[in-house]
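User: I am new to this structure and would like a close look at one part of it, namely the side-chain contacts that link places far apart along the chain. Please take me through them slowly.

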Amino acid sequence: MTTFRAAILLLLGALCFSTTGMFQSIAPEDASPWIVGETRMSVGCLCLFAWCFFSHKLPKNWKALPWKYIAVCTGCILAYSPLFFFSVKAVGVSTTAVVAIGVTPLWTAIIEKVVYGEAPPIRWYVATFLALAGIVHMNAESFDTSSSSLLYSILPIAAGFVYAVLLVVTPKVMEHIPAETTMMIVMGIASVVMFPVIFLFPFDWIFTTKGAVVVVGIGLISVGLAFSLFMTGLKYTGSVIGATLGLAEPIGASIIGIVFLGEPVSKLQIGGLHLLFASIILLVFGQILLRKKTKAETE
């Protein structure tokens, strides 16, 4: 697969991730984030299992799988949800989005440099700066700069770090098995670990029409399809470029909110969207140039 096509898959995966907020916004009032998280992983795992089964991508030798890396990925999935959820409770949605999503590419670059000694290309620095500026613009009007907000911002910073670790480690698993199989296993283990939450929070809402739509939609689109596309693209672009391209998620979330949920839009938000678009175009254009350079060298 060319790096350009991989970048497109990453963008499509990020857009699928952006539907999470839409599904959560239409969930019944008594829908606990813990139950949403558990059903999201369970349904996503089942969808991925069905795909892997019919496409013959199930592992043939389970003992030979890189369980050490799989355990790290599972731990990241389990840690990210509560960190993000409690961050929203402490500092609000906007602050959490700005910090958690914004620091992920930075954490990814730091981890890659410290662990593997790999530095990102020059265009990454420019693209990441544009993306961070765009995210701040999109949330500037509701960003809380109080001392308590800044203190609790350590939670979304931690969430961004956990997600960055996931982006760095997952390609190690995908050296042995496809992206869909990787996420099927990780989501399956995580859903089993989180299963006890059904005894702590009400889950009757799942069996309502609206609840069923939310559970199936969030599991199929924002987990099964999103992780399959995103992780497949990540395998061929690298975690540093992938983390920045993943910032397309707030673009999708904003468009969904404006077009389908009727949310108001300000000039700052429009400006932020333009900066994010510029960041993504720079990286995708860079991937095209890289493909042409590689092709020329091989010829």
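Analyst: What follows goes through a salt bridge, the aromatic pairs, a charge over a ring, one residue with its neighbours, and the nonpolar core. The model is a predicted one, and the values below are computed from it.

The structure holds 1 salt bridge, which joins Lys 57 to Glu 180 with 2.8 Å between the closest N and O atoms. Lys 57 belongs to the loop between α3 (33-54) and α4 (67-91), while Glu 180 belongs to helix α9 (residues 179-194), so the pair ties together parts that are 123 residues apart in sequence. With a relative accessibility of 27%, Lys 57 counts as partly exposed, whereas Glu 180, at 9%, counts as buried, because the limit for that class is under 20%.

Turning to the rings, the count of aromatic pairs comes to 9. One of them is the stacked pair of Trp 34 and Phe 201, whose centres are 6.4 Å apart and whose planes meet at 15°. Since Trp 34 lies in helix α3 and Phe 201 in the loop between α9 and α10, this pair ties together parts that are 167 residues apart in sequence. Trp 34 is partly exposed at 23% relative accessible area, and Phe 201 is partly exposed at 29%.

Trp 107 and Phe 161 have ring centres 4.9 Å apart and planes at 75°, so this pair is edge-to-face. Here the link runs between distant parts of the chain, from Trp 107 in helix α5 (residues 93-116) to Phe 161 in helix α8, 54 residues apart. Trp 107 is partly exposed at 26% relative accessibility, and Phe 161 is partly exposed with a relative accessible area of 34%. Ring pairs also link Phe 17, Phe 227 and Phe 230 into a cluster. In addition, the charged end of Lys 68 sits over the ring of Tyr 69, 5.2 Å from its centre.

Helix α8 (residues 154-173) also contains Val 162, which is buried at 13% relative accessible area. Leaving aside residues up to four places away in sequence, Val 162 touches Cys 76, Ala 79, Tyr 80 and Leu 83. The C-alpha atoms of Val 162 and Ala 79 are separated by 7.1 Å, although the two residues are 83 residues apart along the chain.

Finally, the largest nonpolar core has 71 residues, and those touching the most other members are Ile 77, Met 183, Met 187, Phe 227, Met 231 and Leu 245. Helix α10 (residues 209-237) gives the most to this core, with 10 residues.

Note on methods:
Residues numbered from 1 in each chain as written. Predicted model: local features only at pLDDT ≥ 70, side-chain atom pairs only at ≥ 80, totals over all residues. Heavy atoms only, no water. Core = buried A, V, L, I, M, F, W, Y, C linked by side-chain atoms within 4.5 Å. Buried < 20%, exposed > 50% of the residue type's maximum accessible area, 1.4 Å probe, protein only. Helix = DSSP H or I, 4+ residues; strand = E, 2+ residues; numbered from the N terminus. Contact = heavy atoms within 4.5 Å. Salt bridge = Lys/Arg side-chain N within 4 Å of Asp/Glu carboxyl O. Phe/Tyr/Trp six-rings, centres within 6.5 Å; stacked < 30°, edge-to-face > 60°. Lys NZ or Arg CZ within 6 Å of the ring centre and 35° of its normal.
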